[in-house]
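User: Please take a close look at a single part of this structure, beginning with one side chain and its surroundings. I would like one connected account, with the criteria behind each term given as you go.

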Amino acid sequence: MVGEDVYADWDAIYLDNVTRIYRLMYSKVGNRSDSEDLTAEVFVAALGPLRLSASRGEVRAYLFATARTVLAGYWRRRLGVEVTTIDPDAELPGLDQPDRPSQAPERARRVLGSLPERYRQILELRFLRAMSLKEAAREMDVTVGNAKVLQHRALRLAAQAPVEGS
């Protein structure tokens, strides 16, 4: 029989704690890919020693201790610096708030919409469709040199586009 203060299985442990551990890691390393890797490393490291019969508080404390060890290893490998201080209360504000949707797609759409057609086209080909300069030049029926000039001018003009709220 599973009590209310213990998890039913590993899936329950993972689902209840993965966001908390990910956000902790993200707050410490500042990028998504490393945070995802470190979060996975925490759960893999905790899988063996952690008991399913442990209370929720014990599980979270163990995961934080494991996160501290994983993070220390990360910084030691990365910078030769060991960071072993984690204040779990510092990460709690905002933990229950949903992720805010990104404003980037709308901002990109506005910036691209403000550009002349040829500039918008080169940026869409290069950055939204991930074409090489050579492929974009072929698509636009211009030389590679001309595509470079178009891209440069388009980026310069896009950088000057007004940002909402400024």
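Analyst:
**A close look, from one side chain outward**

Trp75 counts as buried because its relative accessibility is 15%, where buried means under 20% relative accessible area, exposed over 50% and partly exposed in between, computed with a 1.4 Å probe on protein chains only. What follows concerns a predicted model, in which local features need pLDDT of at least 70 and side-chain atom pairs count only at pLDDT 80 or more, while totals for chains, interfaces and linings use all residues. Residues are numbered from 1 along each chain as its sequence is written, and side-chain values use heavy atoms, with hydrogens and water left out.

Trp75 has its place in helix α3, and helices here are DSSP runs (H or I, at least four residues), as strands are (E, at least two), numbered from the N terminus. The C-alpha atom of Trp75 is separated by 9.9 Å from that of Lys28, although the two residues are 47 apart along the chain. Helix α3 covers residues 56–79, and Thr69 also lies in it. In contrast to the buried Trp75, Thr69 is exposed, with a relative accessible area of 57%. The C-alpha atoms of Thr69 and Ala45, which are 24 residues apart in sequence, are separated by 9.7 Å.

From the side of helix α2, Glu41 gives a further view of these surroundings. Glu41 is found in helix α2 and is partly exposed, with a relative accessible area of 32%. Contact means heavy atoms within 4.5 Å, and, residues up to four places away in sequence not being counted, Glu41 touches Val70 and Arg77. Between Glu41 and Val70, which are 29 residues apart in sequence, the C-alpha to C-alpha distance is 7.0 Å.

Helix α2 (residues 32–47) also carries Phe43, while Tyr14 lies in helix α1 (residues 10–29), so the pairing of these two rings ties together parts that are 29 residues apart in sequence. Tyr14 and Phe43 form an edge-to-face aromatic pair, with 4.9 Å from centre to centre and 65° between the planes. The rings of Phe, Tyr and Trp (its six-membered ring) are paired if their centres lie within 6.5 Å, and planes under 30 degrees apart count as stacked, over 60 as edge-to-face and the rest as tilted. The two partners differ in accessibility: Phe43 is buried, with a relative accessible area of 8%, whereas Tyr14 is partly exposed at 38%. A search of the whole structure finds three aromatic pairs.

The loop between α2 and α3 holds Ser55, which is buried, with a relative accessible area of 17%. Leaving aside neighbours within four places in sequence, Ser55 is in contact with Asp5 and Val6. The charged end of Arg56 sits over the ring of Tyr7, 4.4 Å from its centre; a charge sits over a ring if NZ of Lys or CZ of Arg is within 6 Å of the ring centre and within 35 degrees of the ring normal. In another such arrangement, the charged end of Arg126 is placed over the ring of Phe127, 5.7 Å from the ring centre.

For the wider setting, the protein has eight helices and zero strands, and buried residues make up 31% of its 166 residues. Of the contacts between residues at least 6 apart in sequence, 58% join residues at least 24 apart.

Further along the chain, the axes of helix α7 (residues 133–140) and helix α8 (residues 144–159) come within 8 Å and cross at roughly 100°. That makes α7 roughly perpendicular to α8, since angles under 35 degrees count as roughly parallel, over 145 as roughly antiparallel, 65 to 115 as roughly perpendicular and the rest as oblique. The axes are lines fitted to C-alpha atoms, for helices over the stretch in contact, and the angles run from 0 to 180 degrees between N-to-C directions. Leu133, Lys134, Ala137 and Met140 of α7 meet Val144, Ala147, Lys148, Leu150 and Gln151 of α8.

Between α7 and α8, the loop contains Asp141, which is exposed, with a relative accessible area of 71%. The phi of Asp141 is near 60°, a positive value in a residue other than glycine. Most residues other than glycine have a negative phi. Ala130, in the loop between α6 (117–128) and α7, likewise has a positive phi, near 55°, and counts as exposed at 63% relative accessibility.
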